[in-house]
Each structure stands twice: as structure tokens, then as C-alpha cells.
Amino acid sequence: MSADPATHPIATPLPDEGYRPGACNIGPAEVAQRRRAAVVGTVVTVLIYLVLVALSSGATPAVSRASRFVVALPAAGTIVAWLQVWSRFCVAFGSRGVANFGPLGTVTRVEDPAALRADRARVLRMVGAAVVAGLVLGLLAIFIP
């Protein structure tokens, strides 16, 4: 069954540029908040990597090169944040069945079962992509000098 975003009712109508099941569940204020988190996450991930490189280098390294794999965790989180910015879709909101196109802290409940399924399928794809990318970056962190 193909889901037509225009035919999925939700509890409270959202603006025309708003909610599309499995495609868009956040507006400009929410996107801006996730962009800030993504930038901070990027900086933190790079700093963790650089510290681990410094600690795992030299004649008597303080940590093993394999310890650099921990970069996979913040990298995966940062990738989720960037995916949310680019797609205008919040993973947490999709999991909870809500959307927000107004001020931060306000949400509208998604009531349509097909829309909820589309949102949760999108959540799984985004988290899966972030986990795989995080694992790849963790492995690269081990093998790149």
C-alpha cells in the first residue's frame, strides 16, 4: 500500500510546509537546534580522535591504536544529527509519533497508523545508516595514522 502524505490525518493540522509521514516531521526551529548539535558533535568527535591519536602515538603510547575505535560512538551520534538536519526528520520525534513545526518544546501527535509506520521505518533507516557509518569511521580511526 503506497502512503500518500497528503491523505494522512494527524491529531492537529500542521502548516502546509509541514508534516509528511516518513519524510519530514520538524520545522525551522527544530532543524536549527539539531544543526547546532551536529556542529558540536562534529567538533567533539574530531577532538576525541585527535586526543586518541596523540595518546596512541610515540615510543611509549598511553593507549592502544585499537582504543581509537571509541570514535565510532560520537561519530554515529553526530551522523544522526546531520541526517536530521538534512532530511528535516527527527529520529526521537519519529519514534514517539510526534512532529513540531512551531516553537521549540511544542509537539503535535501523529495519529494515523500508516503515518506512524512510515515514521518508524524512517527512524530505523536513519539509525541504521548512522551506526554503519560510525562503525566505518571507528575502523578508519584505528588504521589511519
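**Exercise 1. A residue in α2**

Which residues does glutamine 84 touch, not counting residues up to four places away in sequence?

Solution. Before we start, a word on the model: it is predicted, so local features need pLDDT of at least 70 and side-chain atom pairs count only at pLDDT 80 or more, while totals for chains, interfaces and linings use all residues. Residues are numbered from 1 along each chain as its sequence is written, and side-chain values use heavy atoms, with hydrogens and water left out.

Step 1. Place the residue: glutamine 84 lies in helix α2. Helices (H or I, at least four residues) and strands (E, at least two) are DSSP runs, numbered from the N terminus.

Step 2. List its partners. Outside that sequence window, glutamine 84 touches Ile26, Arg34, Phe89, Cys90, Val91, Ala92 and Met126; contact means heavy atoms within 4.5 Å.

Step 3. Check the burial. Glutamine 84 counts as buried because its relative accessibility is 9%. The cut-offs are under 20% relative accessible area for buried, over 50% for exposed and partly exposed in between, with a 1.4 Å probe and protein chains only.

Step 4. Add a distance: the C-alpha atoms of glutamine 84 and alanine 38 are separated by 9.1 Å, with their positions 46 residues apart along the chain counted as the separation.

**Exercise 2. The chain as a whole**

Describe the order of the helices and strands, then the burial and the contacts of the chain.

Solution. Step 1. Count the elements: there are four helices and two strands. Along the sequence they follow the pattern α-α-α-β-β-α.

Step 2. Turn to burial. Of the 145 residues in the chain, 40% are buried.

Step 3. Look at the surface. The chain exposes about 7900 Å², and carbon and sulfur atoms supply 71% of that area. Accessible areas come from the Shrake-Rupley method with a 1.4 Å probe; for residues, only the protein chains shown count as cover.

Step 4. Examine sequence separation. Among contacts with a separation of 6 or more, 73% join residues 24 or more positions apart.

**Exercise 3. Two helix pairs**

At what angle do α1 and α2 pack, and at what angle do α2 and α4 cross?

Solution. Step 1. Take helix α1 (residues 28-55) and helix α2 (residues 72-87): they pack at an angle of about 155°, with their axes 8 Å apart. Therefore α1 is roughly antiparallel to α2. Axes are lines fitted to C-alpha atoms, for helices over the stretch in contact, and angles run from 0 to 180 degrees between N-to-C directions. Angles under 35 degrees count as roughly parallel, over 145 as roughly antiparallel, 65 to 115 as roughly perpendicular and the rest as oblique.

Step 2. Find the handedness: α1 and α2 cross in a left-handed way. A crossing is left-handed if the near helix is turned anticlockwise from the far one by less than a right angle, and right-handed if clockwise.

Step 3. Inspect the contact. The residues on the α1 side include Val31, Ala38 and Ile48, and those on the α2 side include Pro74, Trp82 and Gln84. By class, this α1 and α2 contact has 10 nonpolar, five polar and two charged residues. Here Ala, Val, Leu, Ile, Met, Phe, Trp, Tyr, Cys and Pro count as nonpolar, Asp, Glu, Lys and Arg as charged, and the others, Gly among them, as polar.

Step 4. Move to the second pair. The axes of α2 and helix α4 (residues 113-143) come within 8 Å and cross at roughly 140°, so α2 is oblique to α4. This crossing is right-handed.

Step 5. Inspect that contact too. Gln84 is one of the α2 residues taking part, and Met126 is one of those from α4. The contact of α2 with α4 divides into 13 nonpolar, four polar and one charged residues.

**Exercise 4. An arginine in α4**

Which residues does arginine 120 contact, leaving aside its neighbours within four places in sequence?

Solution. Step 1. Arginine 120 sits in helix α4, and at 38% relative accessibility counts as partly exposed.

Step 2. Beyond those neighbours, arginine 120 is in contact with Gly94, Ser95, Arg96 and Gly97.

Step 3. Arginine 120 and serine 95 are 25 residues apart along the chain, and their C-alpha atoms are separated by 5.7 Å.
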